[in-house]
Amino acid sequence: MIGRLNHVAIVVPDLAAAADTYRQTLGAKVSEPLPLPDHGVTTVFVELPNTKIELLHPLGEKSPIAKFLQRNPDGGMHHLCYEVEDILAARDHLQAQGARVLGDGEPREGAHGKPVLFLHPKDFCGTLVEIEQV
Ligand code: CO
């Protein structure tokens, strides 16, 4: 069911320092910071030949990643995003398999303007999983 790995998201305490690490130390192509107030994050996209890395930093008081950063002050891997062709079919399949979809189960618009859902980390080897319809 799942297709390509769309991105790996990493929460970072210092977006500029993290962008420098990927640009200078790792020699990757790195975007300018992009504030996404609706999502409560500022994002830097790192483009790799086969996938993307998203560096995330909390934005605003109700950021969904604020707690994660409190628990992981050095930053850390936050989620993996897999592509699916049909997000509703994917959701129905996952739920039929006993996997928990977070929230009300209705896809919302993700950071790339495409419908996404998040899946409970306890059902996926301790890793928060995002699925994105592409
Ligand atoms: Co994501």
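**Exercise 1: Cysteine 125.** In this predicted model, work out why cysteine 125 has no bond to the closest cysteine sulfur.

*Solution.*
- Step 1: Find the partner. The closest cysteine sulfur to that of cysteine 125 belongs to cysteine 81, 17 Å away.
- Step 2: Compare with the cut-off. A disulfide needs two cysteine sulfur atoms within 2.5 Å, so 17 Å is too far for a bond.
- Step 3: Write down the total. The count is 0 disulfides.

**Exercise 2: Buried or exposed?** Sort cysteine 81 and cysteine 125 by their relative accessibility.

*Solution.*
- Step 1: Recall that buried means under 20% and exposed means over 50%.
- Step 2: Cysteine 81 has 0%, so this residue is buried.
- Step 3: Cysteine 125 has 81%, so this one is exposed.

**Exercise 3: A salt bridge across the sequence.** Which parts of the chain does the pair of glutamate 83 and arginine 4 tie together?

*Solution.*
- Step 1: Check the contact. The closest N and O atoms of glutamate 83 and arginine 4 are 3.1 Å apart, and the pair forms a salt bridge.
- Step 2: Place both residues. Glutamate 83 sits in strand β6 (residues 76-84), while arginine 4 comes in the segment before β1 (5-11), so parts 79 residues apart in sequence are tied together.
- Step 3: Look at their surroundings. Glutamate 83 is buried at 11%, whereas arginine 4 is partly exposed at 48%.

**Exercise 4: Another pair.** How far apart are N and O in the salt bridge of arginine 100 and aspartate 123?

*Solution.*
- Step 1: Read the distance: these side chains meet at 2.9 Å, N to O.
- Step 2: Place the pair. Arginine 100 is in the loop between α3 and β7, and aspartate 123 in the loop between β8 and β9.

Definitions and conventions
Residues are numbered from 1 along each chain as its sequence is written. This is a predicted model: local features need pLDDT of at least 70, side-chain atom pairs count only at pLDDT 80 or more; totals for chains, interfaces and linings use all residues. Side-chain values use heavy atoms; hydrogens and water are left out. Buried means under 20% relative accessible area, exposed over 50%, partly exposed in between (1.4 Å probe, protein chains only). A salt bridge is a side-chain nitrogen of Lys or Arg within 4 Å of a carboxyl oxygen of Asp or Glu. Helices (H or I, at least four residues) and strands (E, at least two) are DSSP runs, numbered from the N terminus.
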